[in-house]
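Please load the model in the viewer and display it as a cartoon. The tour below proceeds from the whole chain to individual elements.

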Amino acid sequence: MTLALSRRAPLPRLSRFGWLMGLYAENHARLQRLFEPADLGCGRYLSAIGDGLDVHLEVVEQHAYTSELRMSYGLVDPQTGLADPSASLRLYRDARQVEATHCYAGRRWQDVIGMFPPPERILDHRLRMNTFLGKWLQYLAEQGHGVATLHACDADAIARNA
């Protein structure tokens, strides 16, 4: 009897790369539910819910299978002049994935992982960036941001709201 109990099928292990691909898929579902960016044309958009933290979404490029996006609040880091926090996103429509290619939350990637990091550190940094993105998208949805609060605007309107 004890021999039968000790023979369990091993559970499959998920690699860090597999975990990262799962984050990309989750972030795609969250972003698509939130703002439906695949349906937006190139330009700047603003989502305002009246809490003073407007979300700025910029569709930089639309290609056949990918979109390049930037997402931020209207807050600016006084030392660098960069939007803080902000994320550069690449949406893969065919693979249904969203990758945070760059995140700025008080520090640049070079300050976090160095100029010539080993591959393991790069993968860890990508995991952290995309985990941050997932939590941020979830928070925005919980606050009430979405397609209904998103509207197109020009750079002057964004500057006035900031």
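What percentage of the 162 residues in the chain do buried residues make up? In this predicted model, the buried share is 35%. With the whole chain still selected, display the accessible surface: about 10,000 Å² is exposed, and carbon and sulfur atoms supply 55% of it.

Next, colour by secondary structure. The chain contains five helices and six strands, which follow the pattern α-α-β-β-β-β-β-α-α-β-α along the sequence.

Now select the strands alone. The six strands form an open, antiparallel sheet in the order E5-E4-E3-E2-E1-E6. Strand E5 (97-104) and strand E6 (150-153) are at the edges; each has a single partner strand, so one side of each lacks a neighbour in the sheet. From one strand to the next, the twist averages 25°.

Select residues 66-73 and 86-92 to inspect one pairing within the sheet. These are strands E3 and E4, which run antiparallel and are joined by seven bridges. Within this pair, Arg70 has Ser88 of E4 as its bridge partner.

Add residues 16-35, which form helix H2. Helix H2 packs on the sheet and touches strand E1 (43-47), strand E2 (55-62), E3, E4, E5 and E6. The direction of H2 makes about 90° with that of E5.

Then add residues 119-143, helix H4, which lies across E2, E3, E4 and E5. Relative to E5, helix H4 runs at about 100°.

Finally, return to the whole chain and display its contacts. Of those between residues at least 6 apart in sequence, 54% join residues at least 24 apart.

How values were computed. Residues are numbered from 1 along each chain as its sequence is written. This is a predicted model: local features need pLDDT of at least 70, side-chain atom pairs count only at pLDDT 80 or more; totals for chains, interfaces and linings use all residues. Side-chain values use heavy atoms; hydrogens and water are left out. Two strands pair if DSSP finds at least two bridges between them. Helices (H or I, at least four residues) and strands (E, at least two) are DSSP runs, numbered from the N terminus. Axes are lines fitted to C-alpha atoms, for helices over the stretch in contact, and angles run from 0 to 180 degrees between N-to-C directions. Contact means heavy atoms within 4.5 Å. Buried means under 20% relative accessible area, exposed over 50%, partly exposed in between (1.4 Å probe, protein chains only). Accessible areas come from the Shrake-Rupley method with a 1.4 Å probe; for residues, only the protein chains shown count as cover.
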